[in-house]
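I'm opening a fresh page in my notebook for this one. Here is what I looked up, in the order I got curious about it.

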Amino acid sequence: MSAVRPIAPGAVRWIVRTLEEAGYETWAVGGAVRDALMGRTSVDWDLATKATPLQVRKIFSRTVPVGIDHGTVGVLARDGVMYELTTFRRDVQTDGRHALVEFAECIEDDLSRRDFTINAIAWHPLRDEFYDPFGGEEDLSAGRLRTVGDADQRFEEDYLRILRALRFAGRFDLQIEDVTWSSLVVSAHRLKTLSPERIRDELMKVLSIDPSPSRALSLYREAGVIEVLYPEIGALRERLWDDVISVVNLLPVGRPKLRLAALLRPVAESDAARLLVRLRLSNADMDAVARIASATEMPSADSDPRVLRRWLSRHGRVVMRGLSRIEIASSRTGHGSKDPRMVVDSWSMLRAELRTSPPLKVDDLAIDGGDLKRMGLKPGPVFGEILNELLEHVLEEPQRNQKTILAHEVKEILGRRSVKLDVDADNL
Ligand code: ATP
Ligand code: MG
């Protein structure tokens, strides 16, 4: 068969040998076999076996019940890695969202329930033998993505496969075969019936793993998936879309939130917020993405230090780091208004300003709520107003961040508001 042969880690061979000596046929399946055929090494080895989860747990001493319902048991091998063993399965009933599975007798049944031919190749790690009943290897060498069996039926069973098709085609630069393509385009509107978490995980995989997400994202757009799931991005005009996906390509793998923030920068803040809520990210992640997505551009290097401090005060160090990567990526596409040198210069100026440790937040002020109370003020919203006003002054002139100076400013502010103090500010 193939010129490229997979090489299984010793632990995989040990697991397969142990199971087969006990009488249970076992194969390597899925992503690792596919990746090996493309000359890529994979750390995720999935094994399919005739043994039931109970039998697997009897045979190996260190196991983890990762998904007993799905027939999956993790075996902790001597190399410290956990390998997933899934009992041969076949679907008995599906409704587009979930599948009811039962254990199957043979590897052929197990392979026929898998989504695409390239993901339905089994390889035997001891015999170095392939079992590829659906022609996955031929599709792979032809650069073609195709469903196992009838495309309409396979997408109807599980609409997530639409997104998986676009993700694999994008990541491995495969052409989606015509019947598979028209079927997924027709079914795209059904994606809304999937759980938001599964939809989100798919997008995050594209953004996290794919070295060039622009291909998968463009397929999302061409197939009408963007329109169904992410209309906020779908509304971008073609030029802007092309620019933004080239920026995403230039951001590193393993930084899905940064890439998502880049994708959302041309989108109106309220639309981006709506999309993020729909993605069900954690509050912290949502906040991190939204802050970078909506931040104003970094000020140019020749800006007045006051402008730099105000920008830093508003956005903070973390946003500065993320945004500088996006702006550099954007300048490298050649479509932005800045060249990479300009972005690096603004970033250096902001960093230099940060190194002077200027007060940037209310918490950095030399005066706090306790001081205001000691001055005889009753706590309330007015505290926040006063402290914010002081911060404005201090951003203008950081050397004014001293207790006595600020206490006098408080008096002035209150005087303007006609509030009289019980205690003299000088007594603080
Ligand atoms: P990745 O490198 O992204 O992990 P993978 O092929 O390993 O790719 P997984 O999601 O880890 O993908 O799934 C492992 C295998 O399980 C797939 O190769 C495929 O055979 C099968 N599979 C996973 N999800 C589905 C699905 N929704 N429908 C059918 N088969 C699936
Ligand atoms: Mg995998």
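Where is the place of D128? I found D128 in the loop between strand 8 (122–124) and strand 9 (129–131). I should jot down early that this is a predicted model.

**Entry: odd phi angles.** A reminder to myself: most residues other than glycine have a negative phi. With that in mind I checked D128, and its phi is positive, near 45°. I also looked up its exposure: D128 is partly exposed, at a relative accessible area of 34%.

S357 went on my list too, since it is not a glycine and yet has a positive phi of about 45°. I traced S357 to the loop between helix 18 (340–355) and helix 19 (369–374). Is S357 buried or exposed? It is exposed, with 58% relative accessible area.

R280 is another one I wrote down, with a positive phi near 55°. R280 comes after helix 15, and that sent me to the helix itself.

**Entry: helix 15.** This helix covers residues 269–279, and I noted A272, L275, L276 and L279 as buried in it. These four span an arc of only 100° around the axis, so they sit on the same side of helix 15. On the face turned away from that buried side I found the exposed residues S270 and V277.

Which helices do the buried residues of helix 15 pack against? I got helix 9 (196–209), helix 12 (231–234), helix 14 (256–264) and helix 16 (283–294).

**Entry: stepping back.** Next I looked at the whole protein, and I got 21 helices and 11 strands. Its radius of gyration is 29 Å, while the globule rule gives 22 Å for 428 residues, so the protein is more spread out than a compact globule. Along the principal axes, the C-alpha atoms fill a box of roughly 90 × 50 × 40 Å.

How much of the protein is buried? I noted 46% of the 428 residues. For the outside I wrote down about 20,800 Å² of exposed area, with 49% of it supplied by carbon and sulfur atoms.

I looked at contacts as well, taking those between residues at least 6 apart in sequence: 64% of them join residues at least 24 apart.

**Entry: charges.** Last lookup of the day. I have 62 positive and 66 negative charges down for the protein, and their mean positions are 4 Å apart.

Technical notes:
Residues are numbered from 1 along each chain as its sequence is written. Chains are lettered from A and ligands numbered from 1 in the order in which they are written. This is a predicted model: local features need pLDDT of at least 70, side-chain atom pairs count only at pLDDT 80 or more; totals for chains, interfaces and linings use all residues. Side-chain values use heavy atoms; hydrogens and water are left out. Helices (H or I, at least four residues) and strands (E, at least two) are DSSP runs, numbered from the N terminus. The radius of gyration is taken over C-alpha atoms; the globule rule is 2.2 Å times the number of residues to the power 0.38. Buried means under 20% relative accessible area, exposed over 50%, partly exposed in between (1.4 Å probe, protein chains only). Contact means heavy atoms within 4.5 Å. Accessible areas come from the Shrake-Rupley method with a 1.4 Å probe; for residues, only the protein chains shown count as cover. Lys and Arg count as positive and Asp and Glu as negative; His and the chain ends are not counted. The place of a charge is taken as NZ of Lys, CZ of Arg, CG of Asp or CD of Glu. The arc is that of the directions from the helix axis to the C-beta atoms.
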